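Work through the exercises below with the coordinates open, attempting each task before reading the solution beneath it.

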Amino acid sequence: MNEREGKVKEFLASSTYHQLSANQQKHAQDILTRFTQHMLEEQHLADTAWTPQAVKEVMVGDFIADPALTNQFGIAVAPVLKAYVAFIKPANYQELIQVIDDQRVNMNACRKAHQTWAQLHGTQDVQATATPSQPAENNDDQAAATPWSKEQLAAFIKQAREAAALAPEFQNQLLDGASRQYLVSQFIQLMAQEVHQCPGSWAFNDLQQVLGMMMPLDPEITPKQIKNIVPTAQALFDYLKRTEQIDLDQYRIGLKAIAKMQPSQDMLASLTRQERETQLMLSFIRSNGVDTDDVQTAEKWMDDHRAEVAGFMRTLLNPWSEYEHQQLVKRQQRLARQQAASTAAPAPRRAPRGIKFSKKARRKKRRK
């Protein structure tokens, strides 16, 4: 048994551990084994040498990337880590407690993103694409980057559109130049508009959400364009790396975000827009451990988590809110017309009359 395992074992036998809730005790050993291992492999730090920045990065990195991790596991992480830090009493104890509290929401958002994406493309092997040497997908240095002005964003989109038409990275694609330009401009605009990130600060879970979930719901996008979101994004990442507009860390995060995205894009391209909405919602429900094949269970879960489901879908549909509003107005108008037609008084019917022949026809009849 090494020193790290020994400290975890001591904690599990301590009074600090026994003050945790039943759920926290259930997951404590797994949480601490995983977390201390990732701290050692990724940050090269023993538990008594943890720094606030290292804790931030590990909490949103591969430690939480396994789609098999449950909601109960995620809920238990912060209390267990804080209890362990209190037990080992490092010099920066208060700073570590604060950073664990601050990063808790981001950590669970990353866990949900991994689960939702794994459910969408039908695999639980998200972690297989990660290596300990890769950077954290959603670190605070990226999230805190200064957003671009409208002028900077417009200039970058213009440059990216020109690259999509002419740069060598884009030339072996199945899309024409106009479609490539549309995809790159929509992607860059959505990353800035919806998650407030510019190149160099693009985060793993936000890249997956925008490329894999938001863009396929674009009312103007074609099935062929959906199938080519991934190769177009990769071409853009390759171009930005070659021209030194993003560094190697950002490039790796971009490639990792799209690594297993193509099968789900092919599937979404085969559906109508409404069916895509339904599929994404079902994927979100399954990511919460719900068997959607069991209709009663799924409906009960949705009834109990209406706000959560609505919030997820509202986020995905937010860029197309004007289109959604127009569709709602059309549905309301159509329903109003149907109701008006069903309640309107029937038109008066004329009494039947006999056949009236013209004078000429009557004369011919008398001659006969």
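**Exercise 1.** Determine which residues Phe187 touches, not counting residues up to four places away in sequence.

*Solution.* Contact is taken as heavy atoms within 4.5 Å, and with that criterion Phe187 touches Trp202, Leu207, Val210, Leu211, Met215, Leu236 and Phe237. The model is a predicted one, in which local features need pLDDT of at least 70 and side-chain atom pairs count only at pLDDT 80 or more, whereas totals for chains, interfaces and linings use all residues. Residues are numbered from 1 along each chain as its sequence is written, and side-chain values use heavy atoms, with hydrogens and water left out.

**Exercise 2.** Find how many residues the largest nonpolar core has, and which helix gives the most to this core.

*Solution.* Begin with the definition: a nonpolar core is a set of buried Ala, Val, Leu, Ile, Met, Phe, Trp, Tyr and Cys residues joined through side-chain atoms within 4.5 Å, where buried means under 20% relative accessible area, exposed means over 50%, and partly exposed lies in between (1.4 Å probe, protein chains only). The largest such core has 54 residues, and those with the most contacts inside it are Phe170, Phe187 and Leu236. Next, assign the core to helices, which are DSSP runs of H or I with at least four residues, numbered from the N terminus; among those that each supply at least two residues are α8 (150-166), α9 (177-194), α12 (229-242) and α15 (273-287). Of the helices, α12 gives the most, with 8 residues. Apart from this core lies another, of 35 residues, including Ile31, Leu32, Leu45 and Val58.

**Exercise 3.** Classify the packing of α10 against α13: at roughly what angle do the axes cross, and is the crossing left-handed or right-handed?

*Solution.* The axes of α10 (residues 204-214) and α13 (residues 248-258) come within 9 Å and cross at roughly 45 degrees. That angle makes α10 oblique to α13, since angles under 35 degrees count as roughly parallel, over 145 as roughly antiparallel, 65 to 115 as roughly perpendicular and the rest as oblique. Phe204, Leu207, Gln208 and Leu211 in α10 meet Ile253, Gly254, Lys256, Ala257 and Ile258 in α13, and the residues of this contact divide into 6 nonpolar, 2 polar and 1 charged. The crossing is right-handed, that is, the near helix is turned clockwise from the far one by less than a right angle.

**Exercise 4.** State where His196 is placed, and whether this residue is buried or exposed.

*Solution.* His196 is in the loop between α9 and α10, with a phi near 60 degrees, a positive value in a residue other than glycine. His196 is exposed, with a relative accessible area of 56%.

Key
Axes are lines fitted to C-alpha atoms, for helices over the stretch in contact, and angles run from 0 to 180 degrees between N-to-C directions. Ala, Val, Leu, Ile, Met, Phe, Trp, Tyr, Cys and Pro count as nonpolar, Asp, Glu, Lys and Arg as charged, and the others, Gly among them, as polar.
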